Amino acid sequence: MNETIKEHSWVPLIIVALASFIIALDATFMNVSISQVVADLNTDVSTIQMIMSFYTLITAAFMLLSAKLQDIVGKKKLFLIGTALYGVGTFTAAISSSATMLFIGWSVIEGIAGALMMPATVSIISGTYSGEKRTVALAIVGVMGAIAAAIGPLFGGVMTTFLSWRYGFACELIIVFIILLMQSKIPNFVPTESKSDLDITGALISFVGLVLLVLGILSLSKDITTSVATIILGLIALVGFALFEIRRKRNGKVPLLDMALFKDRNLRVGSIILLLSYLAMGGALFAVSLFLQSVLELNAFNTGLTTLPLTMGLLIFAVLAPSLTGKMKHKTIMAIGCIMSIAGCMLLSYQFRLDTSTLDLIPGLFVMGAGLGFLMALCTDISLVNISKESQNNASGINTTSQTLGESLGTAVIGIILILGVFGGISHAVDIYAPEYSGNETFHQEAYDYFQKVGSINEIKENDTIEDIVNIIIQDTMAFVMQVTAIIMGIVFILTLRLQDKKN
(Lines give C-alpha, C1' and ligand atoms only; values in the text may rest on other atoms or scores of the structure.)
Protein backbone atom coordinates (compact mmCIF):
# COMPACT_ATOMS: atom_id res chain seq x y z
CA MET A 1 0.00 0.00 0.00
CA ASN A 2 1.39 3.41 -0.98
CA GLU A 3 1.04 5.47 2.20
CA THR A 4 2.79 8.70 3.10
CA ILE A 5 3.56 8.26 6.78
CA LYS A 6 5.22 10.97 8.85
CA GLU A 7 5.59 9.43 12.25
CA HIS A 8 7.59 12.36 13.60
CA SER A 9 4.49 14.58 13.48
CA TRP A 10 1.60 14.46 15.95
CA VAL A 11 -0.57 16.70 13.73
CA PRO A 12 -2.56 13.78 12.21
CA LEU A 13 -3.34 12.64 15.76
CA ILE A 14 -4.55 16.12 16.73
CA ILE A 15 -6.83 16.28 13.69
CA VAL A 16 -8.32 12.84 14.30
CA ALA A 17 -8.68 13.50 18.04
CA LEU A 18 -10.64 16.68 17.31
CA ALA A 19 -13.02 14.66 15.12
CA SER A 20 -13.52 12.04 17.84
CA PHE A 21 -14.18 14.82 20.32
CA ILE A 22 -16.97 16.60 18.43
CA ILE A 23 -18.72 13.36 17.46
CA ALA A 24 -18.92 12.24 21.11
CA LEU A 25 -19.72 15.75 22.36
CA ASP A 26 -22.71 15.88 20.03
CA ALA A 27 -24.30 12.91 21.80
CA THR A 28 -24.21 14.47 25.29
CA PHE A 29 -24.05 18.28 25.39
CA MET A 30 -27.72 18.75 24.48
CA ASN A 31 -28.93 16.67 27.45
CA VAL A 32 -28.94 19.77 29.66
CA SER A 33 -30.36 22.06 26.95
CA ILE A 34 -33.65 20.30 26.24
CA SER A 35 -35.93 22.85 27.93
CA GLN A 36 -34.37 25.77 26.02
CA VAL A 37 -34.60 23.89 22.70
CA VAL A 38 -38.27 23.08 23.38
CA ALA A 39 -39.01 26.76 23.99
CA ASP A 40 -36.98 28.03 21.01
CA LEU A 41 -38.44 25.59 18.48
CA ASN A 42 -41.98 25.54 19.94
CA THR A 43 -42.00 21.76 20.31
CA ASP A 44 -42.12 19.24 23.18
CA VAL A 45 -39.64 17.25 25.26
CA SER A 46 -40.45 13.85 23.70
CA THR A 47 -39.75 15.21 20.19
CA ILE A 48 -36.32 16.55 21.20
CA GLN A 49 -35.49 13.30 23.00
CA MET A 50 -36.47 11.40 19.85
CA ILE A 51 -34.17 13.62 17.77
CA MET A 52 -31.30 12.99 20.20
CA SER A 53 -31.91 9.24 20.12
CA PHE A 54 -31.97 9.12 16.32
CA TYR A 55 -28.53 10.74 16.14
CA THR A 56 -27.06 7.72 17.95
CA LEU A 57 -29.30 5.32 16.03
CA ILE A 58 -28.24 6.56 12.58
CA THR A 59 -24.55 6.72 13.55
CA ALA A 60 -24.59 3.10 14.73
CA ALA A 61 -26.61 1.86 11.75
CA PHE A 62 -24.14 3.16 9.14
CA MET A 63 -20.95 2.18 10.99
CA LEU A 64 -20.21 -1.18 9.32
CA LEU A 65 -20.92 0.21 5.85
CA SER A 66 -18.59 3.11 6.56
CA ALA A 67 -15.81 0.77 7.65
CA LYS A 68 -15.99 -1.03 4.29
CA LEU A 69 -16.21 2.22 2.30
CA GLN A 70 -12.73 3.07 3.59
CA ASP A 71 -11.36 0.25 1.44
CA ILE A 72 -13.23 1.51 -1.64
CA VAL A 73 -12.98 5.30 -1.28
CA GLY A 74 -9.84 5.54 0.88
CA LYS A 75 -9.78 6.23 4.61
CA LYS A 76 -8.52 9.85 4.32
CA LYS A 77 -10.98 10.76 1.57
CA LEU A 78 -13.92 9.19 3.42
CA PHE A 79 -12.89 10.94 6.64
CA LEU A 80 -12.83 14.31 4.87
CA ILE A 81 -16.17 13.65 3.13
CA GLY A 82 -17.64 12.84 6.53
CA THR A 83 -16.10 15.98 8.05
CA ALA A 84 -17.50 18.25 5.32
CA LEU A 85 -20.92 16.60 5.66
CA TYR A 86 -20.69 17.04 9.44
CA GLY A 87 -20.11 20.77 8.89
CA VAL A 88 -23.28 20.97 6.80
CA GLY A 89 -25.22 19.14 9.49
CA THR A 90 -23.97 21.18 12.42
CA PHE A 91 -24.61 24.46 10.52
CA THR A 92 -28.15 23.31 9.73
CA ALA A 93 -28.70 22.38 13.38
CA ALA A 94 -27.34 25.73 14.61
CA ILE A 95 -29.78 27.77 12.48
CA SER A 96 -32.75 25.43 12.94
CA SER A 97 -36.13 27.16 13.00
CA SER A 98 -38.13 23.99 13.65
CA ALA A 99 -37.82 20.51 15.15
CA THR A 100 -37.89 19.03 11.62
CA MET A 101 -34.92 21.17 10.57
CA LEU A 102 -33.02 20.16 13.73
CA PHE A 103 -33.80 16.51 13.01
CA ILE A 104 -32.47 16.76 9.43
CA GLY A 105 -29.33 18.65 10.44
CA TRP A 106 -28.44 16.86 13.65
CA SER A 107 -29.92 13.36 13.55
CA VAL A 108 -29.70 12.60 9.81
CA ILE A 109 -26.81 14.59 8.33
CA GLU A 110 -24.55 14.61 11.41
CA GLY A 111 -25.50 11.01 12.21
CA ILE A 112 -24.38 9.78 8.78
CA ALA A 113 -21.30 12.03 8.86
CA GLY A 114 -20.30 10.72 12.29
CA ALA A 115 -20.58 7.16 10.99
CA LEU A 116 -18.29 8.02 8.06
CA MET A 117 -15.70 9.61 10.34
CA MET A 118 -15.54 7.31 13.37
CA PRO A 119 -14.05 4.10 11.91
CA ALA A 120 -11.59 6.24 9.93
CA THR A 121 -10.31 7.93 13.09
CA VAL A 122 -9.01 4.59 14.36
CA SER A 123 -7.75 3.22 11.04
CA ILE A 124 -5.91 6.47 10.14
CA ILE A 125 -4.04 6.31 13.44
CA SER A 126 -3.27 2.59 12.98
CA GLY A 127 -1.94 3.29 9.49
CA THR A 128 0.06 6.38 10.47
CA TYR A 129 1.88 5.32 13.62
CA SER A 130 3.59 2.18 14.86
CA GLY A 131 5.11 0.85 18.08
CA GLU A 132 4.92 3.04 21.17
CA LYS A 133 3.65 6.04 19.16
CA ARG A 134 0.73 3.95 17.94
CA THR A 135 -0.11 2.98 21.53
CA VAL A 136 -0.03 6.64 22.64
CA ALA A 137 -2.06 7.83 19.63
CA LEU A 138 -4.74 5.15 19.97
CA ALA A 139 -4.92 5.86 23.71
CA ILE A 140 -5.61 9.54 23.09
CA VAL A 141 -8.17 8.91 20.35
CA GLY A 142 -9.76 6.08 22.34
CA VAL A 143 -10.28 8.18 25.43
CA MET A 144 -11.16 11.42 23.61
CA GLY A 145 -14.71 10.24 23.02
CA ALA A 146 -15.09 9.34 26.68
CA ILE A 147 -13.77 12.74 27.78
CA ALA A 148 -16.11 14.54 25.39
CA ALA A 149 -19.06 12.50 26.68
CA ALA A 150 -18.08 13.30 30.27
CA ILE A 151 -17.67 17.07 29.79
CA GLY A 152 -20.71 17.28 27.51
CA PRO A 153 -23.01 18.32 30.38
CA LEU A 154 -20.57 21.07 31.47
CA PHE A 155 -20.16 22.34 27.91
CA GLY A 156 -23.92 22.22 27.37
CA GLY A 157 -24.46 23.92 30.72
CA VAL A 158 -22.18 26.82 29.78
CA MET A 159 -23.88 27.22 26.40
CA THR A 160 -27.39 27.00 27.89
CA THR A 161 -26.75 29.22 30.91
CA PHE A 162 -24.71 32.00 29.32
CA LEU A 163 -25.40 31.85 25.56
CA SER A 164 -27.65 29.44 23.63
CA TRP A 165 -27.65 25.78 22.63
CA ARG A 166 -27.06 27.00 19.06
CA TYR A 167 -23.56 28.11 20.02
CA GLY A 168 -22.74 24.48 20.89
CA PHE A 169 -23.20 23.51 17.25
CA ALA A 170 -21.37 26.68 16.17
CA CYS A 171 -18.33 25.64 18.24
CA GLU A 172 -18.35 22.26 16.50
CA LEU A 173 -18.48 24.02 13.13
CA ILE A 174 -15.30 25.92 14.03
CA ILE A 175 -13.55 22.63 14.78
CA VAL A 176 -14.78 21.24 11.45
CA PHE A 177 -13.16 24.19 9.66
CA ILE A 178 -9.90 23.57 11.55
CA ILE A 179 -9.89 19.90 10.48
CA LEU A 180 -10.54 20.79 6.83
CA LEU A 181 -7.83 23.47 6.84
CA MET A 182 -5.31 20.96 8.22
CA GLN A 183 -6.31 18.09 5.93
CA SER A 184 -2.98 18.13 4.05
CA LYS A 185 -1.27 16.90 7.22
CA ILE A 186 -3.17 13.60 7.12
CA PRO A 187 -1.25 10.85 5.24
CA ASN A 188 -2.69 9.59 1.95
CA PHE A 189 -4.06 6.04 1.85
CA VAL A 190 -4.68 4.31 -1.46
CA PRO A 191 -8.01 2.38 -1.74
CA THR A 192 -7.59 -1.40 -1.84
CA GLU A 193 -10.94 -2.36 -3.38
CA SER A 194 -13.27 -1.21 -6.17
CA LYS A 195 -16.93 -0.14 -6.21
CA SER A 196 -17.89 -3.54 -7.64
CA ASP A 197 -16.71 -5.12 -4.37
CA LEU A 198 -19.35 -3.28 -2.32
CA ASP A 199 -21.75 -5.70 -0.66
CA ILE A 200 -25.05 -3.82 -1.00
CA THR A 201 -27.24 -6.69 0.25
CA GLY A 202 -25.04 -7.16 3.32
CA ALA A 203 -25.14 -3.41 3.95
CA LEU A 204 -28.96 -3.43 3.92
CA ILE A 205 -29.22 -6.43 6.25
CA SER A 206 -26.69 -4.95 8.70
CA PHE A 207 -28.51 -1.59 8.55
CA VAL A 208 -31.86 -3.19 9.43
CA GLY A 209 -30.31 -5.30 12.17
CA LEU A 210 -28.47 -2.41 13.82
CA VAL A 211 -31.48 -0.06 13.54
CA LEU A 212 -33.78 -2.59 15.22
CA LEU A 213 -31.19 -3.40 17.90
CA VAL A 214 -30.45 0.23 18.83
CA LEU A 215 -34.12 1.27 18.53
CA GLY A 216 -35.07 -1.54 20.91
CA ILE A 217 -32.34 -0.50 23.35
CA LEU A 218 -33.32 3.19 23.26
CA SER A 219 -36.98 2.42 24.04
CA LEU A 220 -36.29 -0.06 26.87
CA SER A 221 -37.48 2.25 29.64
CA LYS A 222 -40.80 2.98 27.84
CA ASP A 223 -42.18 -0.35 26.69
CA ILE A 224 -40.15 -3.39 27.73
CA THR A 225 -42.19 -5.99 25.83
CA THR A 226 -42.04 -4.18 22.48
CA SER A 227 -38.41 -3.22 23.08
CA VAL A 228 -37.32 -6.79 23.81
CA ALA A 229 -39.19 -8.02 20.71
CA THR A 230 -37.45 -5.33 18.61
CA ILE A 231 -34.05 -6.25 20.05
CA ILE A 232 -34.65 -9.94 19.29
CA LEU A 233 -35.62 -9.12 15.69
CA GLY A 234 -32.48 -7.00 15.41
CA LEU A 235 -30.32 -9.85 16.71
CA ILE A 236 -31.97 -12.30 14.28
CA ALA A 237 -31.21 -9.90 11.41
CA LEU A 238 -27.58 -9.58 12.56
CA VAL A 239 -27.21 -13.36 12.79
CA GLY A 240 -28.62 -13.54 9.26
CA PHE A 241 -26.11 -10.89 8.22
CA ALA A 242 -23.23 -12.92 9.69
CA LEU A 243 -24.33 -16.08 7.84
CA PHE A 244 -24.75 -14.12 4.60
CA GLU A 245 -21.23 -12.66 4.92
CA ILE A 246 -19.70 -16.09 5.58
CA ARG A 247 -21.40 -17.52 2.49
CA ARG A 248 -20.39 -14.50 0.39
CA LYS A 249 -16.73 -14.99 1.29
CA ARG A 250 -16.93 -18.72 0.53
CA ASN A 251 -18.23 -17.82 -2.93
CA GLY A 252 -15.09 -15.77 -3.55
CA LYS A 253 -16.75 -12.36 -3.17
CA VAL A 254 -15.61 -9.51 -0.91
CA PRO A 255 -17.78 -9.40 2.25
CA LEU A 256 -18.94 -6.19 3.92
CA LEU A 257 -17.54 -7.60 7.16
CA ASP A 258 -15.05 -10.46 7.26
CA MET A 259 -16.47 -12.66 10.02
CA ALA A 260 -13.10 -14.44 10.27
CA LEU A 261 -11.87 -11.37 12.16
CA PHE A 262 -13.89 -12.52 15.17
CA LYS A 263 -11.56 -15.50 15.46
CA ASP A 264 -9.01 -13.04 16.86
CA ARG A 265 -9.51 -13.18 20.61
CA ASN A 266 -8.23 -9.67 21.29
CA LEU A 267 -10.59 -8.06 18.79
CA ARG A 268 -13.54 -10.12 19.99
CA VAL A 269 -12.91 -9.56 23.71
CA GLY A 270 -11.71 -5.96 23.27
CA SER A 271 -14.90 -4.98 21.44
CA ILE A 272 -17.02 -6.38 24.27
CA ILE A 273 -14.87 -4.51 26.80
CA LEU A 274 -15.40 -1.25 24.90
CA LEU A 275 -19.16 -1.82 24.76
CA LEU A 276 -19.44 -2.57 28.49
CA SER A 277 -17.07 0.24 29.53
CA TYR A 278 -18.99 2.90 27.62
CA LEU A 279 -22.24 1.41 28.91
CA ALA A 280 -20.99 1.70 32.50
CA MET A 281 -19.67 5.24 32.09
CA GLY A 282 -22.67 6.56 30.17
CA GLY A 283 -25.15 4.96 32.55
CA ALA A 284 -23.38 6.15 35.69
CA LEU A 285 -23.09 9.71 34.34
CA PHE A 286 -26.78 9.71 33.46
CA ALA A 287 -27.80 8.53 36.95
CA VAL A 288 -25.48 10.98 38.76
CA SER A 289 -26.61 13.90 36.56
CA LEU A 290 -30.25 13.00 37.22
CA PHE A 291 -29.57 12.98 40.98
CA LEU A 292 -27.77 16.33 40.85
CA GLN A 293 -30.57 18.03 38.91
CA SER A 294 -33.61 16.33 40.45
CA VAL A 295 -32.52 15.95 44.10
CA LEU A 296 -29.85 18.61 44.69
CA GLU A 297 -31.61 20.87 42.16
CA LEU A 298 -28.39 22.05 40.51
CA ASN A 299 -28.56 23.94 37.24
CA ALA A 300 -27.01 22.64 34.02
CA PHE A 301 -23.69 24.43 34.56
CA ASN A 302 -23.20 23.26 38.16
CA THR A 303 -24.22 19.71 37.21
CA GLY A 304 -21.46 19.63 34.62
CA LEU A 305 -19.01 21.16 37.08
CA THR A 306 -19.79 18.49 39.69
CA THR A 307 -19.10 15.63 37.26
CA LEU A 308 -15.77 17.22 36.23
CA PRO A 309 -13.68 15.03 38.62
CA LEU A 310 -14.65 11.98 36.55
CA THR A 311 -13.40 13.76 33.42
CA MET A 312 -10.15 14.78 35.11
CA GLY A 313 -9.57 11.22 36.30
CA LEU A 314 -10.19 9.95 32.78
CA LEU A 315 -7.80 12.43 31.20
CA ILE A 316 -4.92 12.12 33.69
CA PHE A 317 -4.84 8.33 33.78
CA ALA A 318 -5.44 7.96 30.04
CA VAL A 319 -2.32 10.09 29.41
CA LEU A 320 -0.42 8.10 32.03
CA ALA A 321 -1.40 4.65 30.71
CA PRO A 322 0.83 4.46 27.57
CA SER A 323 3.93 5.39 29.59
CA LEU A 324 3.31 2.39 31.85
CA THR A 325 3.16 -0.14 29.00
CA GLY A 326 6.94 -0.48 29.02
CA LYS A 327 6.81 -1.71 32.60
CA MET A 328 3.51 -3.59 32.71
CA LYS A 329 1.39 -5.57 30.26
CA HIS A 330 -1.58 -3.90 28.61
CA LYS A 331 -4.04 -6.25 30.24
CA THR A 332 -2.48 -5.74 33.68
CA ILE A 333 -2.95 -1.96 33.45
CA MET A 334 -6.50 -2.46 32.18
CA ALA A 335 -7.28 -4.90 35.01
CA ILE A 336 -6.01 -2.34 37.54
CA GLY A 337 -8.29 0.20 35.88
CA CYS A 338 -11.26 -2.14 36.35
CA ILE A 339 -10.47 -2.55 40.05
CA MET A 340 -10.19 1.24 40.46
CA SER A 341 -13.53 1.77 38.70
CA ILE A 342 -15.20 -0.81 40.93
CA ALA A 343 -13.74 0.94 43.99
CA GLY A 344 -15.08 4.27 42.68
CA CYS A 345 -18.56 2.77 42.21
CA MET A 346 -18.56 1.39 45.74
CA LEU A 347 -17.43 4.75 47.16
CA LEU A 348 -20.27 6.47 45.30
CA SER A 349 -22.87 3.92 46.37
CA TYR A 350 -22.82 5.34 49.93
CA GLN A 351 -22.95 9.02 48.99
CA PHE A 352 -26.46 9.70 47.69
CA ARG A 353 -28.85 11.31 50.20
CA LEU A 354 -31.05 14.39 50.45
CA ASP A 355 -28.28 16.18 52.35
CA THR A 356 -25.43 15.10 50.04
CA SER A 357 -22.99 17.85 49.08
CA THR A 358 -21.14 17.94 45.79
CA LEU A 359 -17.86 17.49 47.70
CA ASP A 360 -19.05 14.06 48.88
CA LEU A 361 -19.08 12.82 45.27
CA ILE A 362 -15.59 13.97 44.23
CA PRO A 363 -13.52 10.97 45.51
CA GLY A 364 -15.78 8.32 43.96
CA LEU A 365 -16.15 10.15 40.63
CA PHE A 366 -12.40 10.74 40.33
CA VAL A 367 -11.43 7.13 41.17
CA MET A 368 -14.06 5.75 38.78
CA GLY A 369 -12.88 8.07 36.01
CA ALA A 370 -9.23 7.21 36.64
CA GLY A 371 -9.96 3.50 36.28
CA LEU A 372 -11.89 4.05 33.06
CA GLY A 373 -8.99 6.15 31.78
CA PHE A 374 -6.57 3.21 32.18
CA LEU A 375 -9.05 0.86 30.54
CA MET A 376 -10.22 2.93 27.57
CA ALA A 377 -6.77 4.28 26.73
CA LEU A 378 -5.35 0.84 25.94
CA CYS A 379 -8.38 -1.16 24.81
CA THR A 380 -8.33 -0.18 21.12
CA ASP A 381 -4.57 -0.74 20.84
CA ILE A 382 -4.70 -4.25 22.29
CA SER A 383 -7.85 -5.05 20.27
CA LEU A 384 -6.14 -4.32 16.94
CA VAL A 385 -2.63 -5.54 17.76
CA ASN A 386 -2.91 -8.83 15.86
CA ILE A 387 -4.96 -7.49 12.94
CA SER A 388 -3.22 -7.21 9.56
CA LYS A 389 -3.02 -3.86 7.75
CA GLU A 390 -5.47 -5.11 5.13
CA SER A 391 -8.10 -5.77 7.81
CA GLN A 392 -7.56 -2.65 9.97
CA ASN A 393 -10.49 -0.79 8.40
CA ASN A 394 -12.94 -3.63 9.05
CA ALA A 395 -11.63 -4.13 12.59
CA SER A 396 -11.88 -0.41 13.39
CA GLY A 397 -15.52 -0.56 12.28
CA ILE A 398 -16.19 -3.38 14.74
CA ASN A 399 -14.54 -1.40 17.55
CA THR A 400 -16.38 1.85 16.89
CA THR A 401 -19.72 0.05 16.47
CA SER A 402 -19.21 -1.54 19.90
CA GLN A 403 -18.42 1.85 21.39
CA THR A 404 -21.52 3.46 19.87
CA LEU A 405 -23.75 0.61 21.04
CA GLY A 406 -22.30 0.96 24.54
CA GLU A 407 -23.10 4.67 24.59
CA SER A 408 -26.67 3.94 23.41
CA LEU A 409 -27.12 1.10 25.85
CA GLY A 410 -25.93 3.02 28.91
CA THR A 411 -28.81 5.44 29.40
CA ALA A 412 -31.49 2.88 28.47
CA VAL A 413 -30.21 0.13 30.77
CA ILE A 414 -29.57 2.46 33.71
CA GLY A 415 -33.06 3.91 33.19
CA ILE A 416 -34.51 0.43 33.80
CA ILE A 417 -32.22 -0.08 36.81
CA LEU A 418 -33.32 3.26 38.29
CA ILE A 419 -36.98 2.21 38.06
CA LEU A 420 -36.20 -1.15 39.71
CA GLY A 421 -34.15 0.66 42.35
CA VAL A 422 -37.02 3.01 43.18
CA PHE A 423 -39.41 0.06 43.68
CA GLY A 424 -36.80 -1.65 45.87
CA GLY A 425 -36.29 1.52 47.88
CA ILE A 426 -40.04 1.95 48.37
CA SER A 427 -40.30 -1.63 49.62
CA HIS A 428 -37.46 -1.01 52.11
CA ALA A 429 -38.96 2.31 53.27
CA VAL A 430 -42.45 0.83 53.71
CA ASP A 431 -41.03 -2.05 55.77
CA ILE A 432 -39.50 0.51 58.16
CA TYR A 433 -42.10 3.29 58.32
CA ALA A 434 -45.36 1.58 57.30
CA PRO A 435 -44.92 -2.16 58.00
CA GLU A 436 -48.69 -2.73 57.88
CA TYR A 437 -48.52 -2.08 54.10
CA SER A 438 -45.48 -4.29 53.40
CA GLY A 439 -47.34 -6.74 51.17
CA ASN A 440 -49.76 -4.25 49.64
CA GLU A 441 -48.79 -3.83 45.94
CA THR A 442 -51.41 -1.12 45.38
CA PHE A 443 -49.91 0.98 48.18
CA HIS A 444 -46.42 0.47 46.71
CA GLN A 445 -47.61 1.64 43.27
CA GLU A 446 -49.33 4.67 44.77
CA ALA A 447 -46.12 5.52 46.63
CA TYR A 448 -44.18 5.23 43.37
CA ASP A 449 -46.65 7.49 41.56
CA TYR A 450 -46.45 10.06 44.36
CA PHE A 451 -42.66 9.92 44.29
CA GLN A 452 -42.70 10.70 40.56
CA LYS A 453 -45.13 13.61 40.88
CA VAL A 454 -43.45 15.54 43.72
CA GLY A 455 -42.00 18.58 41.99
CA SER A 456 -39.75 20.00 44.69
CA ILE A 457 -37.45 18.61 47.38
CA ASN A 458 -38.61 21.45 49.64
CA GLU A 459 -42.13 19.99 49.49
CA ILE A 460 -40.75 16.64 50.69
CA LYS A 461 -38.84 18.26 53.54
CA GLU A 462 -42.05 19.76 54.93
CA ASN A 463 -42.96 16.32 56.30
CA ASP A 464 -40.35 14.45 58.40
CA THR A 465 -41.78 10.98 57.69
CA ILE A 466 -41.93 11.57 53.95
CA GLU A 467 -38.40 12.99 54.07
CA ASP A 468 -37.14 9.81 55.79
CA ILE A 469 -38.93 7.61 53.25
CA VAL A 470 -37.59 9.55 50.28
CA ASN A 471 -34.09 9.48 51.78
CA ILE A 472 -34.19 5.68 51.90
CA ILE A 473 -35.59 5.46 48.34
CA ILE A 474 -32.81 7.70 46.99
CA GLN A 475 -30.09 5.84 48.91
CA ASP A 476 -31.30 2.41 47.83
CA THR A 477 -31.89 3.44 44.22
CA MET A 478 -28.51 5.08 43.64
CA ALA A 479 -26.69 2.36 45.60
CA PHE A 480 -28.35 -0.24 43.35
CA VAL A 481 -27.27 1.68 40.22
CA MET A 482 -23.66 1.91 41.42
CA GLN A 483 -23.60 -1.75 42.47
CA VAL A 484 -24.86 -2.83 39.03
CA THR A 485 -22.21 -0.61 37.44
CA ALA A 486 -19.59 -2.26 39.67
CA ILE A 487 -20.83 -5.70 38.54
CA ILE A 488 -20.49 -4.61 34.89
CA MET A 489 -16.92 -3.50 35.59
CA GLY A 490 -16.33 -6.84 37.34
CA ILE A 491 -17.32 -8.61 34.12
CA VAL A 492 -14.92 -6.32 32.23
CA PHE A 493 -12.17 -7.28 34.70
CA ILE A 494 -12.69 -10.98 33.93
CA LEU A 495 -12.64 -10.21 30.21
CA THR A 496 -9.34 -8.31 30.46
CA LEU A 497 -7.71 -11.47 31.81
CA ARG A 498 -8.58 -13.23 28.55
CA LEU A 499 -6.66 -10.74 26.41
CA GLN A 500 -3.43 -11.91 24.83
CA ASP A 501 -0.29 -9.83 25.33
CA LYS A 502 1.25 -7.93 22.43
CA LYS A 503 3.58 -10.06 20.33
CA ASN A 504 7.20 -8.93 20.17
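## The α5/α8 pair

In this predicted model, helices α5 and α8 cross in a left-handed sense. Helix α5 covers residues 75-94 and helix α8 covers residues 165-181, and the two pack at an angle of about 155° with their axes 9 Å apart. An angle over 145 degrees counts as roughly antiparallel, so that is the label for α5 relative to α8.

Who touches whom here? On the α5 side, the contact is made by Phe79, Leu80, Thr83, Ala84, Tyr86, Gly87, Thr90, Phe91, Ala93 and Ala94. Facing them from α8 are Trp165, Arg166, Phe169, Ala170, Glu172, Leu173, Val176, Ile179 and Leu180. Sorted by type, the residues of this contact come out as 14 nonpolar, three polar and two charged.

## Phe79 and the core

Phe79 is one of the α5 residues in that contact, and it turns up again in the largest nonpolar core. That core has 132 residues, and the ones touching the most other members are Phe79, Leu102 and Met281. The biggest contribution to the core comes from helix α11 (residues 265-294), which puts in 15 residues.

If you want to look around Phe79 itself, skip anything up to four places away in sequence and you'll find it touching Ile15, Val16, Ala19, Met117, Ala120, Thr121, Ile124, Ile179 and Ile186. Ile179 in that set is also part of the α8 side of the helix contact.

## Ser107, tucked into α6

Ser107 sits in helix α6, which runs over residues 99-128. Buried or exposed? Its relative accessible area is 0%, so Ser107 is buried.

Setting aside neighbours within four places in sequence, the contacts of Ser107 are Ile51, Phe54, Tyr55, Ile58 and Leu102. Leu102 is a name we've met already, as one of the residues that touch the most other members of the largest nonpolar core.

## Ile272 in α11

Back to helix α11, where Ile272 is located. Ile272 has a relative accessible area of 39%, so it is partly exposed.

How far apart are Ile272 and Gly406 in sequence and in space? They are separated by 134 residues along the chain, yet their C-alpha atoms are 9.0 Å apart.

## The α14/α15 pair

One more helix pair to look at: α14 (residues 330-348) and α15 (residues 358-384) pack at an angle of about 155°, with their axes 7 Å apart. The two are therefore roughly antiparallel to each other.

The crossing of α14 and α15 is left-handed. By residue type, their contact splits into 21 nonpolar, six polar and one charged.

Notes: Residues numbered from 1 in each chain as written. Predicted model: local features only at pLDDT ≥ 70, side-chain atom pairs only at ≥ 80, totals over all residues. Heavy atoms only, no water. Axes fitted to C-alpha atoms, helices over the stretch in contact; angles between N-to-C directions. Helix = DSSP H or I, 4+ residues; strand = E, 2+ residues; numbered from the N terminus. Parallel < 35°, antiparallel > 145°, perpendicular 65-115°, else oblique. Left-handed = near helix turned anticlockwise from the far one by under 90°. Contact = heavy atoms within 4.5 Å. Nonpolar A, V, L, I, M, F, W, Y, C, P; charged D, E, K, R; others polar. Buried < 20%, exposed > 50% of the residue type's maximum accessible area, 1.4 Å probe, protein only. Core = buried A, V, L, I, M, F, W, Y, C linked by side-chain atoms within 4.5 Å.
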